[in-house]
Amino acid sequence: MNDSQGKKLKEALSNNSPLKIVGTVNAYTALLAEKEGHEAIYLSGGGVAASSLGVPDLGISSLQDVLVDVERITNATSLPLLVDADTGWGGAFNISRTVKSLINYGAAGMHIEDQVSQKRCGHRPNKEIVSIQEMIDRIKASVDSKTDQDFIVMARTDALANEGLESAIERALAYQEAGADALFPEAFIKLEQYVELKKHITIPVLANITEFGQTPLFGCDELADSGVDMVLYPLTAFRAMSKAAEMVYREIKHRNSQESLLKNMQTRDELYDVLDYHSFENKLDELFKD
């Protein structure tokens with residue numbers, strides 16, 4: 001790609017305090033986010049697992065599964081895309097392939113975490129994390145493999161739940177030293193924890209404000225005041241879409257008509273507006289007119 005997507009993400013980060021990053025599980029939701037004026041989007045590993053594969057977020061999806069969705073999203077929108085790369089899908093050479101592939105497919109950045117390969121959702125119990133040295137190796141392999149030097153390698157640490165804040169900060173310092181461009185402290189539960197973390201590191205920090213998890217739904221202003229640079233809403237739209245779909249299927253199953261649902265639907269004209277449908281149609285008419 002001609003334009004560095006990593007550079008776009010860095011520019012969005014410098015222009016917003018904090019930068020809101022919204023989850024988009026497919027190309028169409030990415031278009032909706034762009035239409036609303038968002039400046040950065042996100043592809044969740046849990047989102048790929050649930051929406052594209054219909055499986056739990058337990059390290060089941062592969063790099064190829066993620067790349068399919070990355071390519072579709074980046075082909076549809078110019079917004080910079082941050083991608084959940086789980087643990088990198090293997091050792092140093094696998095991680096190198098992950099980084100190069102994500103850049104080639106148009107991603108702006110990724111986060112890689114310090115859980116064991118058989119990972120769990122960051123807001124579930126019984127997580128296991130690797131040694132600091134093993135995570136440093138993952139970060140170094142990632143940074144060394146960049147073909148776009150602006151591509152963001154974000155280090156995620158799940159240490160708080162297992163080892164406490166002091167360990168999370170120790171890991172954050174080590175990850176910064178290893179070359180991470182940003183930090184993703186997972187499942188923080190107090191604003192003061194972000195404040196304390198930012199006393200020790202200089203790279204940007206992301207807060208994962210996912211619903212129904214361990215982290216309270218802090219507001220952007222209080223997060224910014226606590227030193228947070230990015231606020232992530234990984235599956236907010238997906239959860240709402242899924243609930244809406246449940247309601248639709250229930251109504252169709254038990255009622256005579258879907259007419260009562262129309263008030264909650266995007267209209268055909270609204271869909272066409274998002275897709276710029278008429279421009280495509282006009283192009284066809286122009287190409288094949290007599």
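Let's start with one ion pair: the side chains of lysine 199 and glutamate 196 form a salt bridge, with N and O 3.1 Å apart. Lysine 199 is exposed, at 59% relative accessible area, while glutamate 196 is partly exposed, at 27%. Salt bridges with shared partners also join Glu113, Arg156, Asp158 and Glu186 into one network. Please keep in mind that this is a predicted model. In total, the structure holds 14 salt bridges, and a few of them are described below along with the sheet and a pocket.

**Salt bridges between separate parts of the chain**

- Lysine 10 pairs with aspartate 150 in a salt bridge whose closest N and O atoms are 3.2 Å apart.
- This pair links distant parts of the chain, 140 residues apart: lysine 10 sits in helix H1 (residues 5–15), and aspartate 150 in the loop between helix H6 (132–144) and E5.
- Both partners are partly exposed, lysine 10 with 31% relative accessibility and aspartate 150 with 26%.
- Another salt bridge brings together the side chains of aspartate 181 and lysine 146, at 2.8 Å from N to O.
- Aspartate 181 belongs to the loop between helix H8 (165–177) and E6, and lysine 146 to the loop between H6 and E5, so this salt bridge ties together parts that are 35 residues apart in sequence.
- Here the two partners fall into separate classes: aspartate 181 is partly exposed, at 23%, whereas lysine 146 is buried, because its relative accessibility of 10% is under the 20% cut-off.

**The sheet**

- The open sheet is built from 8 strands with parallel pairing, in the order E6-E5-E4-E3-E2-E1-E8-E7.
- Strands E6 (182–185) and E7 (206–208) are at the edges with a single partner strand each, so one side of each has no neighbour in the sheet.
- From one strand to the next, the twist averages 25°.
- Strand E5 (residues 152–157) runs parallel to E6 and is joined to it by 4 bridges.
- Methionine 154 has alanine 182, in E6, as its bridge partner.

**The second largest pocket**

- The second largest pocket encloses about 390 Å³ of space.
- It is lined by 15 residues, and the closest to its centre are Gly23, Thr29, Leu32, Ala237 and Met241.
- Strand E1 (19–23), helix H2 (27–35) and helix H11 (236–254) each contribute at least two residues to the lining of this pocket.
- H2 gives the largest share of that lining, with 4 residues.
- By type, the lining residues comprise 7 nonpolar, 7 polar and 1 charged.

Key:
Residues numbered from 1 in each chain as written. Predicted model: local features only at pLDDT ≥ 70, side-chain atom pairs only at ≥ 80, totals over all residues. Heavy atoms only, no water. Pairing = 2+ DSSP bridges. Axes fitted to C-alpha atoms, helices over the stretch in contact; angles between N-to-C directions. 1 Å grid on protein atoms, 1.4 Å probe; cavity = no way out; pocket = protein on both sides within 12 Å on 5 of 7 lines; lining within 4 Å. Points joined across faces, edges and corners; volume = space filled by probe spheres on them. Nonpolar A, V, L, I, M, F, W, Y, C, P; charged D, E, K, R; others polar. Salt bridge = Lys/Arg side-chain N within 4 Å of Asp/Glu carboxyl O. Buried < 20%, exposed > 50% of the residue type's maximum accessible area, 1.4 Å probe, protein only.
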